[in-house]
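Q: Please take a close look at one part of this structure and describe how its helices and a chosen residue are placed. I am new to it, so keep the account plain.

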Amino acid sequence: MNILSLFVLIPVLMLLGLWIARNLYQVRGVMVAGSSALLALSIWLTFYFIEQRAAGNTAEMLLTASTPWFKPLNIAYSVGVDGISVVMLLLSSIIVFTGTFASWQLKPLTKEYFLWFTLLSTGVYGFFICTDMFTMFMFYEVALIPMYLLIGVWGSGAKEYAAMKLTLMLMGGSALLIIGLLGIYFYSGATTMNVNEIAALHNIPVDMQKVFFPFIFIGFGVLGALFPFHTWSPDGHASAPTAVSMLHAGVLMKLGGYGCFRVAMYLLPEAAQDLSWIFLILTTISVVYGALSACVQTDLKYINAYSSVSHCGLVLFALLMMTKTAATGAILQMLSHGLMTALFFALIGMIYGRTHTRDVRRLGGLMKIMPFLAVGYVLAGLANLGLPLFSGFVAEMTIFVGSFENPDMFHRVCTIIACTSVVITAVYILRLVGKILYGEVSDPHYLQLTDATWDERIAVGVLLVCVAGLGTFPFWASNVINDAVIPILNNINM
């Protein structure tokens, strides 16, 4: 068995273990054991990939394998990883591990919650290891379906509305995706649905590329919060339970950027070149609009949700610039934002669990009451606004430098406009930190609250170490990613 299949097999075994678990302790034991195994496997895979790179193995994909699944349509269970897949698997395993501890005290229906949470993570892992378009799409759907119940049952606020809105929007994107994927298969003349083999043929007519490119880019872009298809995101994040928000914003939204790059731009390169200006305008709007919208929100989750729209917009923005530096920055941003937003949502959930409010106007002086959570929030905010030595600085600087490498005025104007989001982000982050953490305690009842528990400290501590580690030692990640983006960009720019 190919070792990559363990990323699907372990979650399936976790589902089985959760199904037969008889009490809360067994449920927690299954989740800790399974998420720890996945984290260890992803760390091993990362070091293996770095060793292969040092040995001069520059293959586009490593650990490849393929097993026929449905021969009439040449569908196969094909797996393989490059540098982009490796860092996304590492990100996913970190979020699943920390999300387990962030949900440690969740009640009721803890067992059922973790069953759906694990099914969601199964789809995420499967999507990142697969190279067959149809199998990728299948895992993509597996990752989307559990969101409805996770939000609708265990969420808060207008959870039924948010769950239905999210499901309808994302399923609409899926409908566009299946049209585009089938169009690529039938017009490529390929005898396989393998992404790399279709890209090597390079024989899809340009006029048909222009037809199918918007279907696929918008289909994936809906999940990546592409303007104006982003409206499901703030409502979904605001109503989701803590760990689901962490996994959704930290990992699930990254499926959108990954799919846009790996499928839409890689397989339809001429259309990407000709139509990129349209989507570049939309992503520039996403970046600035998301940051401005965050400034006027009063709910902590809505602030972080709109911040995610802005930062995920930067991912698509950088990919559309089609330079090596910008594309590397886009993947770094996916990794960085995944860690930062998971940290933010974890902290917001922990604060809400104590104060029972996310209204900024009702919070104040929390540094005196819960110093561990407050310091974590300050550090997360500094990372989000791009302070050096944190992951946000590395990713955003790489994006903006790479974007400005384009010599034409249009791309540079878009880059300058997108850069304003950095200033806007600093405004709402600093104002937010000053309001809720410092000054007088806004409610006397808050003086009776406690600081983070041991399980919460594990979740926050791991994410803080990762955010600071990536910001301090970014070159291992950038080198791994850089090797992976080159073949895709060569296919686009040939």
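A: What follows is a description of a helix pair, a single residue and one further helix.

The model is predicted. Two packed helices are described by the angle between their axes and the distance between the axes. For helix H13, residues 300-321, and helix H17, residues 391-403, the angle is about 35° and the axes lie 10 Å apart. The crossing of H13 with H17 is left-handed. On the H13 side, the contact is made by His311, Leu314, Phe317, Ala318 and Met321. On the H17 side, Glu396, Ile399, Phe400 and Ser403 take part. Sorted by type, the residues of this contact are 6 nonpolar, 2 polar and 1 charged.

Next comes the single residue. Val287 belongs to helix H12, which covers residues 269-295. Val287 counts as buried because its relative accessibility is 0%, and buried means under 20%. Apart from neighbours within four places in sequence, Val287 is in contact with Ser310, Gly313, Leu314, Ala418 and Ser421. Leu314 is thus one of the residues in contact with Val287, and Leu314 of H13 also takes part in the contact with H17. Ala418 stands 131 residues from Val287 along the chain, yet the C-alpha atoms of the two are separated by 6.1 Å.

The last element is helix H10, residues 242-252. H10 is mostly covered, with 11 of its 11 residues buried. Among them are Thr242, Ser245 and His248, as well as Val244, Met246, Leu247 and Leu252.

Notes. Residues numbered from 1 in each chain as written. Predicted model: local features only at pLDDT ≥ 70, side-chain atom pairs only at ≥ 80, totals over all residues. Heavy atoms only, no water. Buried < 20%, exposed > 50% of the residue type's maximum accessible area, 1.4 Å probe, protein only. Helix = DSSP H or I, 4+ residues; strand = E, 2+ residues; numbered from the N terminus. Axes fitted to C-alpha atoms, helices over the stretch in contact; angles between N-to-C directions. Left-handed = near helix turned anticlockwise from the far one by under 90°. Contact = heavy atoms within 4.5 Å. Nonpolar A, V, L, I, M, F, W, Y, C, P; charged D, E, K, R; others polar.
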